[in-house]
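Let's take a relaxed walk through a protein and the small molecule it holds. Have a look at the picture first, and then we'll go through the details together.

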Amino acid sequence: MQNPWLEIPLADYEGHMASEAVRQLEPLAVLFSEVLARRQPESVALLGVAGGNGLDRIDCGTTHRIVGVDCNPSYIDAVRERFSHLRGLELHCVDLAAARVELGPVELVHAALVFEHAGTKLCLENSLSLVAAGGAISIVLQLPATADANVGSSGIASIQKLKNHFHLIDPEWLCDEVARRGFELSFETCVALAGGKGLWMGIFLRL
Ligand SMILES: C[S@@+](CC[C@H](N)C(=O)[O-])C[C@H]1O[C@@H](n2cnc3c(N)ncnc32)[C@H](O)[C@@H]1O
């Protein structure tokens, strides 16, 4: 079955995320800023980079290698065009749930709202395998909202295609899974969103 993200134009996705009912782009960028400030990585990978939300928060004086990964080639093209000025930007079109990533590891992997769509099997293995020795992974998960409000409350039609491919992930369960693979939770935080939703972020250090 084709990944439904391949059928969603970037303008629809960003319109949905910026809509009054959803308003998630800025909180996601703020969480990314927070982890950048805490870790000050020399290299970073954004998994599910979409249109590059948060890339403008990177300090190129500190972070010299910036890897963006997404399964949608048109999103990758848009990021390449929007951020052509960003030194050290490296973009890869990969389905993280279907193929093993063969990229050099980075000091910080940031995976925000990806596992809900790509699952926690190969995508989680890929994400953890990208973390360099002594590095970290920050994971952002959506917290439950009132029934049916998890995807699609902006009214943008194409977004409905994601509904049957979206699965909330329990942060506690994820913490156990990541810990079992040799990582330690060093920080966690929650942010309240419009419509009764929330975001959880955990930062895990490779032991
Ligand atoms: C909700 S958006 C991510 C939001 C973004 N990380 C942020 O902080 O604003 C999910 C992204 O993951 C990408 N994606 C979904 N499934 C994927 C997969 N199997 N492999 C790679 N990328 C995937 C989608 O194309 C989309 O760009």
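A polar contact is a pair of N or O atoms within 3.5 Å. Keep that cut-off in mind while you look around this model, which is predicted.

With that in hand, start at Asp70: an N or O atom in its side chain is 2.6 Å from an oxygen atom of the ligand. Asn53 and Asp95 have side-chain atoms to compare with the cut-off too, so here they are side by side.

| Residue | Ligand atom | Distance |
|---|---|---|
| Asn53 | oxygen | 3.0 Å |
| Asp70 | oxygen | 2.6 Å |
| Asp95 | nitrogen | 2.7 Å |

How much of the ligand's accessible area does the protein cover? On its own the ligand has 600 Å² of accessible area, and the protein covers 97% of that.

Now zoom out a little. The ligand takes up the space of the largest pocket. Around the ligand you'll find 17 residues, and the closest are Gly48, Asp70, Asp95, Leu96 and Ala112. What kinds of residues make up this shell? Sorted by class, there are twelve nonpolar residues, three polar ones and two charged ones.

Next, the cysteines. Search the whole structure for disulfides and you get zero. Why does Cys93 not form a bond with Cys71? Cys71 holds the closest cysteine sulfur to that of Cys93, but the two are 6.9 Å apart, which is too far for a bond. A disulfide needs the two sulfur atoms within 2.5 Å. Cys93 is also partly exposed, at 43% relative accessible area.

It's a similar story for Cys123, because its sulfur is 9.6 Å from the closest cysteine sulfur, again in Cys71, and that is too far for a bond. Is Cys123 buried or exposed? Its relative accessibility is 0%, so Cys123 counts as buried.

Technical notes: Residues numbered from 1 in each chain as written. Predicted model: local features only at pLDDT ≥ 70, side-chain atom pairs only at ≥ 80, totals over all residues. Heavy atoms only, no water. Near = heavy atom within 4 Å. Polar contact = N/O pair within 3.5 Å; in protein donor to acceptor, adjacent residues only side chain to side chain. Areas by Shrake-Rupley, 256 points an atom, 1.4 Å probe, with all protein chains shown as cover. 1 Å grid on protein atoms, 1.4 Å probe; cavity = no way out; pocket = protein on both sides within 12 Å on 5 of 7 lines; lining within 4 Å. Sits in = over half its atoms within 2 Å of the grid points. Nonpolar A, V, L, I, M, F, W, Y, C, P; charged D, E, K, R; others polar. Buried < 20%, exposed > 50% of the residue type's maximum accessible area, 1.4 Å probe, protein only.
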